[in-house]
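Hello,

Here is the structure I promised to pass on to you. Have a look at it first, and then read on for what turned up.

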Amino acid sequence: MEKILRKPFVSYGFWLAFATFFTGASGLVYEYLLSTTSSYINGNSVEQFSLTIALMLFAMGLAGFLQKKVSDSYLIEKFVILEVLLSLLGGFSVVITYFSFAYLENYELIYYLTAFTIGLLIGFEIPLVMRINEKFVPVLKDNLSYIYSADYVGAFVGALLWVFVILKHFTLIQAGFVVAVSNLIVAGFTYLAFRKEDRVKSLILLFLVIGLVANGIGFLSSHWIEKHIYKPLFNQPVIFHKTTRYQDITITKNKKTGEIRLYLNGNLQFCSSDEMVYHELLVHPAMALAGKRKNILILGGGDGLALREVLKYREVKQVTLVDLDPEMIRIAKGKPLVNLNRGSFFSEKVKVINMDADLFAKENVGKKHYDVIIVDLPDPSTVELAKLYSLGFYRKLYYLLNPDGIMVVQSTSPYFAPKAFKCIEKTIKKAGFSVLPYHYDVPSFGDWGFIIGYKFSSKKFKYRLNHINFPVSTRFLTEKVFYSSLAFGKNWINAEKVKVNTVFNPVILKYYND
């Protein structure tokens, strides 16, 4: 039986609370970090969070079983080494994930192996602490009380820091190194606390130095790392990148052509060479078909490009733009986007509201009405976005739209996602609208679809449609182009089995991902 350890130079209870608090905080944040990274790459955040956290919990459970194979000798040293290893793998986990995605075909294997290994290391933490604690606090109920209370409180604080500090002030790559500091602090404090023990050798100090230097270099080199990671992902130089509380924003620029591209969570939002095709088709048919166009609502469109088109109409008195991410609006007000949107956000007619589009609609039903509603939201690739293509959401918009008004929704690609496109059409129709689908080829996206919804008589709508004209300057759109966009091939989309999308049955998520 190993002899009882001498007490550390600090209060043992303080060391125990300190260590378990930080391990609890860092362990939970590593789960969030990896899940968020995978969500930005693959979309479908619910699936990615569920699979990643489930895998890490499985690994933690396996570690709890395997720890019985670890001998009682040198527990302090083993705990310090464990924390340093966790800081190294956790700190570089996002880098490993993005590099494997950029350069390797078997990205998923590398990602899940990384998540599993981190989960395994986390799973060894509490058992080792309990076994060390047993030498000082032999009463089991006290042992469990001290350890689990500090661990769970640490996890709670870690979650708060993740949401309100880390995501707000650091990129995902930087976040990995920031979280790794927690493990290094625990390792360093443990080394200092038990430094008088003869068993703590200089080798342990070397491990600490390696962990500190490696993570420090990683953090300081994060922008250089991002530059080399994103280059193969986007095929053009990245001139701006920021991870906000809500999304990952990347802007690229082709040095030869000057072409600007905006990506959200790795998904292309527009290309400056052909964005006018998309935005003119989105905005001008709706504006032309509406009875009035004084009060306009734009949901999404944080880049300001749809707003640019709306502001071409002199009749417009006010435009309310609702976008969840305030950082996207800030970016749109600066270079290079401000040149593309022609400073649309600086117009006195524009009112920006940063909140969820569904929540905005819910709060304003019965209070406000709009002549034109333009829904320029990202594709329904996640559960959160699928809600904004649901029956309940469109019913709210029905009551926000003036009786003589027009709603238009960007509706994904009828070619690449035909069932998703038809699902949007059916859902809008089920909400009470009469509908008009149309589509056109946008070079950057391929064949892209839109759906107009209206509440007034079909006879009046048909008359307006037959006499449509665009009284503002356009770079691409003409009346003939619009009429051509109304044509679909024979039996292009088989919609017999396509269901209406609801919050409780988000079928559009499956249609879109398929």
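In which sense do strand 2 and strand 3 pair, and over how many bridges? They pair in the antiparallel sense, and five bridges hold the pairing between residues 248-253 and residues 260-264. One of the facing pairs is Lys253 with its bridge partner Ile260 in strand 3. Please keep in mind throughout that this is a predicted model.

**The overall picture**

The protein has 514 residues, and buried residues make up 55% of them. Its chain forms 20 helices and eleven strands. Along the principal axes, the C-alpha atoms fill a box of roughly 95 × 50 × 45 Å. Of the contacts between residues at least 6 apart in sequence, 73% join residues at least 24 apart.

**Two sheets**

As general background, the strands of a sheet pair through backbone hydrogen bonds, either parallel or antiparallel.

Strands 2 and 3 belong to an open sheet of four strands, ordered 1-2-3-4, with antiparallel pairing. Strand 1 (238-243) and strand 4 (267-271) are at its edges with a single partner strand each, so one side of each is left without a neighbour in the sheet. From one strand to the next, the twist averages 15°.

The other open sheet has seven strands in the order 7-6-5-8-9-11-10, and its pairing is mixed. Here the edge strands are strand 7 (350-353) and strand 10 (434-442), each pairing on one side only. The twist in this sheet averages 15° from one strand to the next. Within it, strand 8 (residues 370-376) and strand 9 (residues 401-410) run parallel and are joined by five bridges. Val375 stands opposite Val409 of strand 9.

**Asp447, a buried acid**

Strand 11 (residues 446-454) is where you will find Asp447. What is the nearest side chain of opposite charge to Asp447, and how far away is it? It is Lys422, 13 Å away, and Asp447 is buried yet has no salt bridge. Its side chain does make a polar contact with the side chain of His439, at 2.8 Å. Leaving aside residues up to four places away in sequence, Asp447 touches Ser413, Pro414, Tyr415, His439, Tyr440 and Asp441.

**Salt bridges**

The count of salt bridges comes to 13. Here are some of them to look up:

- Asp72 and Arg131 have their closest N and O atoms 2.7 Å apart. The pair links distant parts of the chain, 59 residues apart: Asp72 is in the loop between helix 2 (45-66) and helix 3 (75-91), and Arg131 is in helix 5 (residues 107-134). Asp72 counts as partly exposed at 40% relative accessibility, whereas Arg131 is buried at 14%.
- Glu315 and Arg293 form a salt bridge with closest N and O atoms 2.6 Å apart. Glu315 lies in the loop between helix 11 (305-310) and strand 6 (318-322), and Arg293 in the loop between helix 10 (275-289) and strand 5 (295-300), so the pair ties together parts 22 residues apart in sequence. Glu315 is partly exposed, with a relative accessible area of 34%, while Arg293 is buried, with 16%.
- Lys396 and Asp358 form a salt bridge with closest N and O atoms 3.1 Å apart. Lys396 is in helix 16 (residues 391-400) and Asp358 in helix 14 (residues 357-364), so parts 38 residues apart in sequence are tied together. Both residues of this pair, Lys396 and Asp358, are buried.

There is also a network of salt bridges that links Glu275, Arg308, Glu309, Lys312 and Arg475.

Enjoy exploring, and best wishes!

Methods: Residues numbered from 1 in each chain as written. Predicted model: local features only at pLDDT ≥ 70, side-chain atom pairs only at ≥ 80, totals over all residues. Heavy atoms only, no water. Helix = DSSP H or I, 4+ residues; strand = E, 2+ residues; numbered from the N terminus. Buried < 20%, exposed > 50% of the residue type's maximum accessible area, 1.4 Å probe, protein only. Lys, Arg positive; Asp, Glu negative; His and termini not counted. Salt bridge = Lys/Arg side-chain N within 4 Å of Asp/Glu carboxyl O. Polar contact = N/O pair within 3.5 Å; in protein donor to acceptor, adjacent residues only side chain to side chain. Contact = heavy atoms within 4.5 Å. Pairing = 2+ DSSP bridges. Axes fitted to C-alpha atoms, helices over the stretch in contact; angles between N-to-C directions.
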